[in-house]
Amino acid sequence: MYYKFYLLFALFCFFQLAFSQKTHKVAGQVLTEENEPIPGANISIGSAGTTSDFEGFFQIKLTEETYLLKISYLGFKTYSQKITVDGDKNLRIQLKEKQEVLDEIIITQDVEALNTRSAQMSVNTLKAESIQKIPAVFGEVDVIRSLLQLPGVSNGGEGTSGFNVRGGHADQNLILVDDVVLFNASHLFGFFSVFNANSIDYLKLYKAGIPAKFGGRVSSVLDIKQKKGSKKTFKGKASIGIISSQLLLEGPIQKDKSSFLFAGRGTYAHLFLKLTDNKNAAYFYDLNAKYTTRLNANNDLNISIYHGNDYVTINDSFSNTYGSSFANLNLKHRFNSDLNANFNFSYSLYNFQLDLDLVGFDFKNDISNFNLNANFKQRIAEGFKLNYGLSSIKYNINPGTIKPTRPDSGINTDDLAEKNAYEHAAFISAEHQLSSDLKAEYGLRLNAFWRMGEKEFKGYTNDLPILYDAEKGIYEKAEPIEIIDQSKSSIQKEFYNLEPRLSLAYSFNDDTSIKASFNHLTQNLHLLSNTSSPTPFDVWTPSGAYVKPQKLNQYSVGYFKNLKGKKFSLEAEVFFKTVDNRIDYVDGANLIANDAVEQIILNGESRAYGLEFLLRKNTGKLTGWLAYTLSKSEQRTPGRTTQENGINNGEWYLSNYDKTHDISITASYDLNKKWTFNSSFNLQTGRPVSFPVGQFEYQGLNIPVYEGRNLNRLPTYHRLDLSATLTPEKEVSKNWTSSWTFGIYNLYNRKNAASLNFEQNRTTGLNEANRFSIFGIVPSVSYQISF
């Protein structure tokens with residue numbers, strides 16, 4: 001009976017061999033005549049079809065046969081060619097522009113679209129057009145404010161700088177502009193961001209699943225790409241508003257080969273104050289410039305420059321100047337169709353100056369870095385790509401210089417010890433299609449941090465710069481037992497860390513998938529700030545003998561779905577993360593001009609977990625999204641021994657940036673060709689604060705008594721903003737268009753509390769809580785022209 005089984009099996013194998021057809025890979029890259037990649041081109045080969053990726057590449061598996069290949073993209077002639085598939089093929093196809101197209105063709109890709117099959121998760125992308133639709137205070141479009149509309153992103157409140165991601169501090173965000181690190185992203189103490197929305201192409205915010213090419217921070221990566229100037233025609237854009245104006249100019253230097261882009265922005269509200277004899281002033285300006293050229297078919301050169309400054313003065317007794325500058329040289333080289341490289345050399349500087357004429361001293365500090373990195377992308381095989389590279393950064397930190405400005409100030413000149421460090425990294429990551437439904441991105445990053453020697457290095461007994469007084473129950477500064485002048489070329493302390501990354505995506509179909517990721521990240525640069533958000537006065541410090549690197553472990557799982565032909569998209573994620581060696585401050589810590597910060601800080605830990613939900617409407621007259629976050633962020637610093645209480649008795653307490661509920665609704669409605677209406681609504685749990693539970697009198701002063709850290713909250717925060725844009729029909733005789741934007745920030749005049757201050761009523765003798773609010777209702781109007 002077994003021979004029947006073998007006979008049937010042999011017949012099955014015969015028919016399989018007889019009727020099966022061998023498949024081959026047809027791959028290629030779609031380019032313009034200037035060898036610029038075309039993302040999103042439509043490729044059809046017989047009945048099979050696909051689109052080109054961000055770098056213009058595509059790939060299709062086909063059986064042996066002759067096919068008609070067609071490639072099309074808006075503004076280009078359709079490419080057609082018969083190809084015979086008798087083996088693997090690698091094509092390089094250039095599309096020609098249509099002669100009847102008069103305007104310049106702008107090649108774009110829908111970077112905001114949800115890719116369910118990609119292993120990348122916890123990433124939000126916004127185009128410049130989306131950012132400019134979000135209503136903003138004074139009508140000044142703000143990149144940072146646009147981030148706050150996304151799930152998992154918040155800040156300390158109105159008028160605060162920076163942003164917090166998944167319960168992390170603002171210094172835990174790596175901010176990159178054209179691959180350059182920024183140390184401060186705010187103008188006027190947080191009222192505006194340093195990013196000119198007119199010069200931005202798009203931004204990506206990585207909250208988890210962070211690729212191995214990024215490192216140095218443990219909370220998120222904000223990757224901002226600036227626009228390239230037009231290589232075809234000269235054009236520009238200008239706007240004037242209530243308190244600020246902007247100008248953007250771009251055009252070819254050598255047509256179809258090189259271009260420039262220049263953007264400038266400034267405020268002038270202080271000029272109106274002078275008309276009222278008001279001696280106070282506050283203003284900023286910033287400048288962006290970018291040069292792009294194609295050296296040859298395989299090499300592109302880009303140069304980016306930024307400079308911005310803020311100036312604040314109060315009654316000639318206080319003046320504050322601070323700002324950022326950077327420059328970047330970028331070379332993109334194409335070795336072949338499967339291998340290309342990105343080389344960057346950049347310099348970034350943030351400086352701060354405070355002149356207190358009332359007291360009689362001047363204070364300056366700054367931080368700068370030189371960064372050299374190389375990033376390679378290589379297609380190894382079908383469904384397998386590698387990304388690898390090296391980076392080296394030199395940090396120079398000047399914590400501060402104090403100089404007297406008056407002979408009678410009683411202040412002596414003091415130069416705080418300069419701090420230097422090097423951070424080197426090597427990384428490799430793979431994008432791997434494990435099966436038709438399972439895709440993985442995995443990688444490894446090796447981080448080496450060298451804290452260099454410094455002048456007047458302080459040594460302490462048992463290496464403990466801070467001591468605990470068990471009788472008083474408080475921490476006290478330890479006295480140094482030695483002060484050593486170390487050589488700047490010697491290594492004071494070195495740290496080596498391996499950072500594994502893993503992301504997985506399982507696709508049920510083209511529109512539905514589940515994803516999971518794990519990140520281990522290290523941070524060696526820390527912002528010393530004991531406020532709820534960074535201020536320009538805060539100082540950075542590197543890891544070293546007394547400050548340990550922060551180390552994060554984060555786990556994320558999510559469900560992703562496109563609905564109704566990608567008209568809607570849904571993202572839902574849960575996350576859990578822990579950070580070791582998070583800096584905490586002893587009660588009464590003074591960070592200003594402190595030359596021994598190790599005497600007021602302890603290393604603790606933090607954790608955050610939550611749920612994020614994002615529903616987007618992507619097409620139609622009405623577009624926008626609903627974002628909701630349910631989360632908790634906590635911090636703990638236990639005692640170093642059983643005899644020490646630690647901070648807050650070693651118990652977990654809410655971090656300054658914990659917000660249990662956070663809801664954002666953003667909508668844009670195109671009524672017709674003339675009118676567009678935009679709105680945003682925010683509702684958040686109030687920020688954690690500490691209220692006094694009692695008081696006692698000491699030498700005629702009322703001293704408040706606190707029970708623990710962040711046991712209370714500010715009132716719930718909510719706000720509705722509206723804007724309307726009127727674009728009149730373009731007159732045939734004019735070569736420019738114009739528009740008006742009318743906005744109302746905080747429509748119903750909600751007095752959201754920035755803080756609560758407790759004072760004693762001199763009449764009744766009772767303690768009262770006074771709410772301090774920054775903005776009520778703020779109307780705005782601006783006029784824009786494009787030419």
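User: How many residues does the hairpin use to join β42 to β43?

Analyst: The hairpin passes from β42 to β43 through 4 residues. Before we go on, please keep in mind that this is a predicted model, where local features need pLDDT of at least 70, side-chain atom pairs count only at pLDDT 80 or more, and totals for chains, interfaces and linings use all residues. Residues are numbered from 1 along each chain as its sequence is written, and side-chain values use heavy atoms, with hydrogens and water left out.

User: Happy to. What does a strand name such as β42 stand for?

Analyst: Strands are DSSP runs of E with at least two residues, numbered from the N terminus (helices are runs of H or I with at least four). Strand β42 covers residues 661–670, and β43 covers residues 675–684.

User: And what makes two strands a pair?

Analyst: DSSP has to find at least two bridges between them. Here β42 and β43 are antiparallel partners with 9 bridges. To find this pairing on your screen, look for Tyr-669, which stands opposite Phe-677 in β43.

User: Which other strand pairs with β42 over 9 bridges?

Analyst: That is β40 (residues 622–636), again in the antiparallel sense. Tyr-628 is a handy marker, with Ile-663 in β42 as its bridge partner.

User: Let's try a different hairpin. How many residues separate β30 and β31, and which turn residue has a positive phi?

Analyst: There are 4 residues between β30 and β31, and Gly-473 in the turn has a positive phi of about 70°. The strands themselves, β30 (residues 466–469) and β31 (residues 474–477), run antiparallel and are joined by 4 bridges. Click on Tyr-468 and you should find its bridge partner, Tyr-475, in β31.

User: What should I look for around β21 and β22?

Analyst: Follow β21 (residues 299–314) into β22 (residues 318–336): they run antiparallel, with 16 bridges joining them. Tyr-311 faces Thr-321 of β22, standing opposite that residue. The hairpin has 3 residues between the strands, and Asn-315 takes a positive phi near 50° there.

User: Where does the chain go after β22?

Analyst: Another hairpin leads from β22 to β23, this one through 2 residues. β23 spans residues 339–356 and pairs with β22 in the antiparallel sense over 18 bridges. A good residue to check is Ser-324, which stands opposite Tyr-350 in β23.

User: Now the sheets. In what order do the strands of the sheet containing β3 and β6 lie?

Analyst: Read across, the order is β3-β2-β5-β6; these 4 strands make an open sheet with antiparallel pairing. Its edges are β3 (48–51) and β6 (79–85), each of which pairs on one side only. On average, neighbouring strands of this sheet are turned by 20° against each other, direction ignored. For angles like this, axes are lines fitted to C-alpha atoms (for helices, over the stretch in contact), and the angles between N-to-C directions run from 0 to 180 degrees.

User: Which residues could I use to trace the contact between β5 and β6?

Analyst: Start from Thr-66, whose bridge partner in β6 is Thr-84. Strand β5 (residues 65–72) runs antiparallel to β6, and 7 bridges join the two.

User: What is the strand order in the open sheet with mixed pairing?

Analyst: That sheet has 3 strands in the order β4-β1-β7. β4 (57–63) and β7 (89–94) are the edge strands, each pairing on one side only. From one strand to the next, the twist averages 25°. Within this sheet, β1 (residues 23–31) and β4 run antiparallel and are joined by 7 bridges. To see where they meet, pick His-24 and look across to Leu-62 in β4, which it stands opposite.
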